[in-house]
Amino acid sequence: MNGSGSGGFLGSFIEYFRSLFRAASALGRAIQTGLTYLFSTSEAKKEITELYPDPVSSRTPDELPTRSRGLLHNDILKCTGCYACSKVCPSDCFKIQTEEGPKPGKLWVSVFEINDAKCLFCGLCVEVCEPGSLVHTRNYEGSSETLEKLRAEFGRGPISREMREKWKRQRELQTEGGFEGQP
Amino acid sequence: MSLSALWQQSLQLAATLLVMLPGVYLQAWLDSKLGADLQARVGPSRAGSAGWLQPMADFLRLWQKVRPGSKGEHGSALWWAQGAPLFALLAITPVGAGLPLLTAPMSVLMSLMMAISFAWIGIILSWRSGLVEARLASIRQMALGAAGIFPALLAILQVGFSAQGLSWQKVDQIQGWVPWSWFAFSSPFAFVSAMVFVAAGLLLFSSPPFHLGSEAVRWIVAGFPGEAGIRLIWVRFSQRIAHFCWTLLTVRLFFGGAALPSLLTSSADAGSAPVIALSIALTLLKALTILAGTSILSRTLPSVRADQAHEFSWRVLSPLALLALVLGRLISVGGAP
């Protein structure tokens, strides 16, 4: 920094008070913003949170707002195993494993695990999901006694060695028969 | 002390507590209501109109939450350890015009000593329990208290130099009832000292935004994590009372105390019950205003970690208090005839 050598003690003294002033003015602005919520009666400043819905006495999941983001669900039959959700996830909550499926170019999603304990419910994965297989449900009751129970598994399961061999032969036959590139 | 004097003192203490309890209740409600409104949340709204019964509902809820089969680690020690310094603090807290130890030298410091003893009591409880987690939580509480004591002492010295003494009577003599005659507004340095004293109180009693984590408090209170029922209520309640006492000290030291217009104090009714009640009401109103201000501040800031609280105390509060003291003193000495 330019001023560190030139100012010496006086410079750091001035910088100390400058930083105090900056902190105080930032705090003042923050309080000012908060006070507008305290005193304003306009619609835009009304409460934007809702009480936690009590499923017994008040709301059912169907009555929640339309864009509510509940626990994630993946329709594995639609899922292409493209990893787009995993790449965009800020909290690294997806664990995906894919293998080649019975048809050429089509992946078999053997493991598709969502760790709800890590999920931020930001909705980015749903936004980027091209086949539309990943959706937010309306289910918000995700509490569990152990972290293990918070792992939701949607994968189609591992493939046996025999199945792998069989699909390989199928793909070869389909490719020879002119089906290359077809899903 | 004769028996009748002791009786009179006890009655005065009971009256003080009776006056303060509604104030503490109001402060608890205001804190949650203001916090919710500031953060655009639905605040307490179910228990009573505008949620004014919520502190009572919280009290009942906490009361029921006790770990099954456990009586805690401290037994009756908790009640005495928190209760005795609180009793002493209450006994010498300046509420209204009637004040014990009004003319005693250093009576201001006595109040500070009682506040410190209350704030540091956690260490006794934790050492009895012998649990590592409880001891660590108590050390954190003590360290936070220590971070508040030094700047508070500097701020009190600023008042002491101006009043030329540290008795409540001398402090009262340098202030009037109108805001511009309050010590806090007598100079920019005095104002800085007043703000430092308010912030030091938040540190000393682990009040938001400098509060310990809930789990840490529970380790201290009960010797185990989790809810601790009536013991937790007692500790939180006594902490609120102690912080309220600290705010009353702030009012008395920096914001005119219980000073009333001279028209009232010089008349024949000066010592009458309505005038005393008015002075008490004025003190409580000032204290509640300061507490509402600190509530707004603490709800605006994110929770401060223990290390950040220490940094704030030693790098901001203490230097500012020291600078205000030295510069204030230099200017007053230089300006003296």
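Where in chain A is A:Phe121 found? In this predicted model, A:Phe121 sits in the loop between strand E3 (107-115) and helix H3 (124-128) of chain A. Its phi is near 60°, a positive value in a residue other than glycine. A:Phe121 has a relative accessible area of 27% and is therefore partly exposed.

A:Tyr83 also has positive phi, near 70°, and is likewise a residue other than glycine. The loop that holds A:Tyr83 runs between strand E1 (72-74) and helix H2 (84-88) of chain A. The relative accessibility of A:Tyr83 is 27%, so A:Tyr83 counts as partly exposed.

The fold of chain A mixes both element types, with four helices and five strands. Read from the N terminus, their order is α-β-α-β-β-α-β-β-α. Chain A has 183 residues, and 24% of them are buried. Contacts were also sorted by sequence separation. Of the contacts in chain A between residues at least 6 apart in sequence, 71% join residues at least 24 apart.

Cysteine pairing was examined next. The count of disulfides over all chains is zero. Why does A:Cys93 form no bond with A:Cys89? The sulfur of A:Cys89 is the closest cysteine sulfur to that of A:Cys93, but the two are 3.6 Å apart, too far for a bond. A disulfide requires sulfur atoms within 2.5 Å. A:Cys93 itself is buried, because its relative accessibility is 5%. A:Cys129 is unpaired for a similar reason: the closest cysteine sulfur, in A:Cys82, is 6.4 Å from its own, too far for a bond. A:Cys129 has 17% relative accessibility and so counts as buried.

Chain B is built from helices. The secondary structure comes to 13 helices and zero strands. The run from the N terminus is accordingly α-α-α-α-α-α-α-α-α-α-α-α-α. Buried residues account for 48% of the 337 residues in chain B. In chain B, 79% of the contacts between residues at least 6 apart in sequence join residues at least 24 apart.

Two local features of chain B were noted. A cis peptide bond links B:Pro208 to B:Pro209, with omega about 5°. B:Pro209 belongs to the loop between helix H8 (188-204) and helix H9 (214-222) of chain B. The other feature concerns B:Leu60, a residue of helix H2 (residues 54-64) of chain B. B:Leu60 and B:Gly229 are 169 residues apart along the chain, yet their C-alpha atoms are separated by 9.2 Å. B:Leu60 has a relative accessible area of 44%, so B:Leu60 is partly exposed.

The interface between the chains was then described by area and by composition. The size of an interface is often given as the accessible area lost when the parts come together. Chain B and chain A bury about 1400 Å² between them. Carbon and sulfur atoms carry 76% of that area. B:Leu38, B:Ala40 and B:Val42 supply 34% of the area that chain B buries against chain A, more than any other three residues. Each chain gives 16 residues to the contact.

How many salt bridges are counted between chain B and chain A? The count is zero. One residue pair is in polar contact between chain B and chain A, with both residues at pLDDT 80 or more. Three helices of chain B each supply at least two residues of the side that touches chain A: helix H1 (3-38), helix H12 (273-300) and helix H13 (306-335). H13(B) gives the most to this side of chain B, with five residues. By class, the side of chain B that touches chain A has 11 nonpolar, one polar and four charged residues. Charged residues are thus present on this side of chain B, while the salt bridge count between the chains is zero.

Key. Residues are numbered from 1 along each chain as its sequence is written. Chains are lettered from A and ligands numbered from 1 in the order in which they are written. This is a predicted model: local features need pLDDT of at least 70, side-chain atom pairs count only at pLDDT 80 or more; totals for chains, interfaces and linings use all residues. Side-chain values use heavy atoms; hydrogens and water are left out. Contact means heavy atoms within 4.5 Å. Buried area is the accessible area (1.4 Å probe) that two parts lose on being put together, summed over both. A salt bridge is a side-chain nitrogen of Lys or Arg within 4 Å of a carboxyl oxygen of Asp or Glu. A polar contact is a pair of N or O atoms within 3.5 Å; within protein, one must be able to donate a hydrogen and the other to accept it, and residues adjacent in sequence count only if both atoms are side-chain atoms. Ala, Val, Leu, Ile, Met, Phe, Trp, Tyr, Cys and Pro count as nonpolar, Asp, Glu, Lys and Arg as charged, and the others, Gly among them, as polar. Buried means under 20% relative accessible area, exposed over 50%, partly exposed in between (1.4 Å probe, protein chains only).
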